Structures are given as C-alpha cells and as structure tokens.
Protein chains: 2
Amino acid sequence: MLDTYHDFHQILTRYISLSDDEWNAYSSLLKAKSVRKKSILHFEGSICKEVYFIRKGLLRIYFMDKEGNEKTFHFAPENTFVTDYESLLKQIPAHYSIQALEDSELLIMPETMISYGYEHLRYGEQLGRLLAEEYFLIFSDKVRSIYTLTPIERYSLLKQMIPTIFQRVAQHYIASYLNISPVHLSRLKSQNP
Amino acid sequence: MLDTYHDFHQILTRYISLSDDEWNAYSSLLKAKSVRKKSILHFEGSICKEVYFIRKGLLRIYFMDKEGNEKTFHFAPENTFVTDYESLLKQIPAHYSIQALEDSELLIMPETMISYGYEHLRYGEQLGRLLAEEYFLIFSDKVRSIYTLTPIERYSLLKQMIPTIFQRVAQHYIASYLNISPVHLSRLKSQNP
C-alpha cells in the first residue's frame, strides 16, 4: 500500500471492513493534494463536490455571520474528514468556506468516489451512515454549546478535543470559534493553563 | 396492511425499496402509541432508546439553556421522525426532552427495530444513512439560522416548513424557537400575515 494512503486505510477500517480488492478499487479514486497554509480549498457560494481527509495539517470551516463577521465554525485536525456536508448532500451553494491553517497534506474523495462506495463497497452504505452520524454529532455539539455551555466550558471542550490547538492556530480564530473576544480568551487561558 | 402503518410504509419507500417479506418482518417490530397533548415522551437526562414516527399530531424537542430557560429546538409534524438522536447514537443521557403539543398518534421504532433494519433489510444501512443525513440537515439549518439569519428570515423559514404552525402551537413556543420575545413575534406576524 502507498504510504500516502496508510492512515486513511487505518481510519477507514475503524468504520468498516473491506477486502483488498475493494480497497484497491476504492483507494484508486483518491487524489492526494498538498496545500499551503492559508490556502482556501472551498469557497462559500460554490457547490461542494468532495470530502477532504486530512493526513497532516489543520483545516478550518468558517462562514460570515449576519453582521458580516467571519466566524470559525469547526477545526479539523489530522485523521479527520471535512467537507461542506450540506452543500455536498443537496448540491446547493455552500454556506461555509474551508481553509488550511497549516501547510497540509490532504486526500481528496471526489463525489464519484463517494457514490462508488455506496454502490460497490459491501459496507459502503454503513460507512456513509457512520460518517453522517459523526457529522451530525459535530453539529449537535455545536448547537448545544451555543445554547447551554459557558465560554469556559466551550474552552475546556475544545482543549479536550484538540489539545494542541492553542499552539497551532492564531488566537483570533479560536476566539471566534468560542464566540468570545480575544481579550476574553487571553483571560481564560491565563486562568486555565 | 394495517391502516395504522400505511403512512409509515409510504414514507419508508421514499427512502428505500423493501420487499413484502421485509416489510412484514420490519413493521411487526413497530409499536403504536397514542399520547395526549402536553405528555412528555422523553425526558432530558434519560437515555433515548427509540425513534418516534408521527402519524398524527405535533411534537416538539426542547432543552434548558444556560440561564435555565426552556428553549424549543425543533417542531416535528405528521409524517416525520423524531428522537434524541445524540442520546440514541451514543447511549448517553439526553440533552433534550420531547413533548406532544397536540393529541398525537405515534409509531415507535424501538432500538431493536433499528438494529434489525441494519442487519436484515437489504437497504437498511442506506435508510440509516439517509435518516442520519436528514437529521444532520436539521441541525445544520439550526446552526446557520442562529448565526446568519435575522428573526424575520427565521420566521419565514418556519412558516415555509410548517405552514399551519401558527394555528397549532402556543405562541410562546414559537417565540422561543425563533429566539425572540413573544412581543417581537406578534409584531412579525402582524407585519407578515
């Protein structure tokens, strides 16, 4: 197996089992891509036609709120999948943009690979279900955190999910993710080292 | 086919096709239940072990925000599915409660039926994927509406989704769903009849 695909294969087999033949056919549809820090992979308003698997690096999903301020919605670290899932599912213009926050190594699953999986992998639909459930859980956590968590709870949760985030990402992105001011974030950090 | 199950069958076949044998085995696991207006079907803090299909009536999902105020998160009308999906998936205590806002006729899909579907229906995993995707889209719309829509846009969207909602539901539930005051809601209604 190509070393490039090793982690993707490992992660995939946490969801489903697949035969060598299935893996060979399926992974031949992957495309590797390197992107530089700050590159925008997907723009709000365009239709999303792929899912990114992050081999190395860190991506963020962001959007504009009703005051026209950029809000970071989600940070996606190594070994996770990221896409504008609503745009991908409905084939409508995306409400989110996706940007690399570090030089990143990606594997791109094009739409054709996704539908190939549903049609030809024995457990392709199960994979789709499990990923849809995970994506749901990200959004469900987000809704809950907006309504029910205090800034300090949101801060602790992020630290727990991506322990290295504070060393890797400019603080204003984190403040925007937590929906607090950068000054508030500094205070939280100094009180909760 | 039992008349009670007719609409459920119709809706199911919008997602997947299933043989008569599959339908008979699958639907035998359904349980019919009538509930009175204001009954609480599921309490925050308990683990959710079922999905409700609403034959007649209207349910709401709600939770307590960080100030201890009850917030209506979602209205579920006839012919839709409703559950505490996070609790069901992770088998953790639910963050939401589910209440009937009208006398309602439900079909209950117990957890055993859901896993039976994955294991024994030819397209069971596909059904799971499509429902997970739909549930994701509800939450995705919610996140977007919180951040990017104005109260009048949220109001119009709700009216479009459930045109009869304003006649069916006490106004304070709608105001809480829209995250505005009842006075603000009255103003929106008089300006947008």
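Here's a quick tour of this two-chain model, from the chain itself to the place where chain A and chain B touch. Keep in mind that this is a predicted model. The predictor gives the complex an ipTM of 0.86 and a pTM of 0.88. For chain A, the mean pLDDT is 93, with 99% of its residues at 70 or more.

**Chain A on its own**

- If you trace chain A, you'll come across nine helices and eight strands.
- Chain A is as compact as a globular protein of its length, because its radius of gyration is 17 Å, close to the 16 Å that the globule rule gives for 193 residues.
- Want a feel for the dimensions? Along the principal axes, the C-alpha atoms of chain A fill a box of roughly 55 × 35 × 30 Å.

**Where the chains meet**

- On chain A, 35 residues are in contact with chain B, and 35 residues of chain B take part from the other side.
- Put together, chain A and chain B bury about 3300 Å² between them, and 68% of that is on carbon and sulfur atoms.
- Three residues of chain A lose the most area to chain B, namely A:Lys66, A:Phe136 and A:Tyr147, which together make up 24% of what that side buries.
- As for polar links, there are 10 residue pairs in polar contact between chain A and chain B, both residues being at pLDDT 80 or more.
- The elements giving two or more residues to chain A's side are β4 (59–64), β5 (70–76), α3 (85–90) and α5 (124–148).
- Of these, α5(A) gives the most, with 18 residues on the side that touches chain B.
- Sorted by class, that side of chain A has 16 nonpolar, seven polar and 12 charged residues.

**Salt bridges**

- Some background: side chains of opposite charge can pair when their charged atoms come close.
- Over all chains, the structure holds 20 salt bridges.
- Four salt bridges are found across the interface of chain A and chain B.
- A:Arg144 forms a salt bridge with B:Glu86, and their closest N and O atoms are 3.8 Å apart.
- Within chain A, the side chains of A:Glu78 and A:Arg168 meet in a salt bridge, at 2.7 Å from N to O.
- That pair links distant parts of the chain, 90 residues apart: A:Glu78 sits in the loop between β5 and β6 (81–82), while A:Arg168 belongs to helix α7 (residues 165–168).

Technical notes
Residues numbered from 1 in each chain as written. Chains lettered and ligands numbered in written order. Heavy atoms only, no water. Contact = heavy atoms within 4.5 Å. Buried area = accessible area lost by both parts, 1.4 Å probe. Polar contact = N/O pair within 3.5 Å; in protein donor to acceptor, adjacent residues only side chain to side chain. Helix = DSSP H or I, 4+ residues; strand = E, 2+ residues; numbered from the N terminus. Nonpolar A, V, L, I, M, F, W, Y, C, P; charged D, E, K, R; others polar. pLDDT = per-residue confidence, 0-100. Rg over C-alpha atoms; globule rule 2.2 N^0.38 Å.
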